[in-house]
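Reader: I should like to request a close look at one part of this model. Please treat the charged pairs first and then place them in the wider fold.

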Amino acid sequence: MGTPETSREPCPDRILDDVGGAFGMGAVGGSAFHFLKGIYNSPKGERLIGGSQAVRMNAPRIGGSFAVWGGLFSACDCTLVYVRQKEDPWNSIISGAATGGLLQMRQGLRAASRSALVGGVLLALIEGAGIMLNKVMSAQQNMPIMIEDPLPNTTPQPSESSTSSSSWFGGLFGGKKEESKQSGVKTEILESFDSPIPPTFEFKLQAGRIAHQSIS
């Protein structure tokens, strides 16, 4: 996220931009203020006319005053940028103090010093609020996404003693039968013998005896 100094227009164009923005701000704000003031101070039946006359008389003056302040502030800011070769909040603070002092120079040194102090403090508060806002916004953007871990399995697992006791009782009451069921197909190994080619009568007799023994 860019800072207010880096997000503004470059210096030659910044002066015109600030002059136009300050004039518009002063004209709109002054129009609203003096319209309400003119309505309040006008007699009944003439309130709208009085408000419009107050706007025509005072809004251009206030807009011009804001434009002068914005142009002088931008000129001081661009001068400091050129001299210091960097943009930071100190440029705005010094420019605000210099602008306030120059605008009150005709009123004397004391009035100029007081206006410079007010302008520097005001710009310092504005810059501090902008820095804090940028920090808060950057912290919210860089906040890591928290993913909750799944709950652990709370199903009680059988203890070693219970498994051992069950296996002990299973050995006494039918545990071997279950093992025999799980073991699968029962295999038997028959005696091997060499069969002569072609088979003789003794070979056929011996094969029949082995088959009879396996069936029984």
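Is Arg14 buried or exposed, and what is its relative accessible area?

Author: The model discussed here is a predicted one. Within it, Arg14 has a relative accessible area of 3% and is therefore buried, since the limit for that class is under 20%.

The surroundings of Arg14 are best described through its charged partners. Side chains of opposite charge can pair when their charged atoms come close. The structure holds three salt bridges. One of them joins Asp77 to Arg14, with 3.2 Å between the closest N and O atoms. This pair ties together distant parts of the chain, for Arg14 belongs to helix H1 (residues 11-41) and Asp77 to helix H2, with their positions 63 residues apart in sequence. Asp77 has a relative accessibility of 3% and so counts as buried. Both partners of this bridge are thus buried, Asp77 as well as Arg14.

Arg14 also forms a salt bridge with Glu87, and here the closest N and O atoms are 3.1 Å apart. Again distant parts of the chain are linked: Arg14 lies in helix H1, whereas Glu87 lies in the loop between H2 and helix H3 (89-103), 73 residues apart. The setting of Glu87 is not that of Arg14, because Glu87 has a relative accessible area of 35% and is partly exposed, while Arg14 is buried.

The remaining bridge is formed by Asp88 and Arg84, whose closest N and O atoms are 2.8 Å apart. Through shared partners, salt bridges join Arg14, Asp77 and Glu87 into one network. As for accessibility, Asp88 is buried at a relative accessible area of 15%, and Arg84 is partly exposed at 29%.

Helix H2 comprises residues 47-84 and includes Trp69. It also carries an aromatic pair. A pair of aromatic rings is described by the distance of the centres and the angle of the planes. The count of such pairs comes to one. That pair is Trp69 with Phe73, and its rings are stacked, with 5.3 Å from centre to centre and 5° between the planes. The two residues are four positions apart in helix H2, which is about one turn of the helix. Their accessibilities fall into separate classes: Phe73 is buried, with a relative accessible area of 10%, whereas Trp69 is partly exposed at 32%. A patch requires residues with over 30% relative accessible area, so Trp69, at 32%, passes that cut-off. Together with Val68 and Leu103, Trp69 makes a nonpolar surface patch of about 240 Å².

Helix H4 (residues 109-141) offers a further view of the interior. Its 33 residues should span 48 Å at 1.5 Å a residue, and the separation of its end C-alpha atoms, 48 Å, agrees with that expectation. The buried residues of H4 include Ala111, Ala112, Ala116, Gly119 and Gly120. Also among them are Leu123, Glu127, Gly130 and Asn134. These buried residues pack against H2 and H3. H2 is also the helix that holds Asp77, the partner of Arg14.

Asn41 may be set beside Arg14, as it too is found in helix H1. Asn41 has a relative accessible area of 54% and is therefore exposed, the limit for that class being over 50%. From Asn41 to Gly51 there are 10 residues in sequence and 8.6 Å in space, C-alpha to C-alpha.

The wider fold gives the context for these details. The chain contains seven helices and zero strands, and its pattern along the sequence reads α-α-α-α-α-α-α. Of its 216 residues, 24% are buried, and Arg14 and Asp77 are both buried. Among contacts with a separation of 6 or more, 56% are between residues 24 or more positions apart. The accessible surface of the chain amounts to about 16,900 Å², and carbon and sulfur atoms account for 65% of it.

In brief, Arg14 is a buried residue of helix H1 that is paired with Asp77 of helix H2 and with Glu87 of the loop between H2 and H3.

Methods: Residues are numbered from 1 along each chain as its sequence is written. This is a predicted model: local features need pLDDT of at least 70, side-chain atom pairs count only at pLDDT 80 or more; totals for chains, interfaces and linings use all residues. Side-chain values use heavy atoms; hydrogens and water are left out. Buried means under 20% relative accessible area, exposed over 50%, partly exposed in between (1.4 Å probe, protein chains only). Contact means heavy atoms within 4.5 Å. Accessible areas come from the Shrake-Rupley method with a 1.4 Å probe; for residues, only the protein chains shown count as cover. Patches are made of residues with over 30% relative accessible area and no salt bridge: like charges are joined within 9 Å, nonpolar side chains (Val, Leu, Ile, Met, Phe, Trp, Tyr) within 5 Å. A salt bridge is a side-chain nitrogen of Lys or Arg within 4 Å of a carboxyl oxygen of Asp or Glu. Rings of Phe, Tyr and Trp (its six-membered ring) pair if their centres lie within 6.5 Å; planes under 30 degrees apart count as stacked, over 60 as edge-to-face and the rest as tilted. The expected span of a helix is 1.5 Å times one less than its number of residues.
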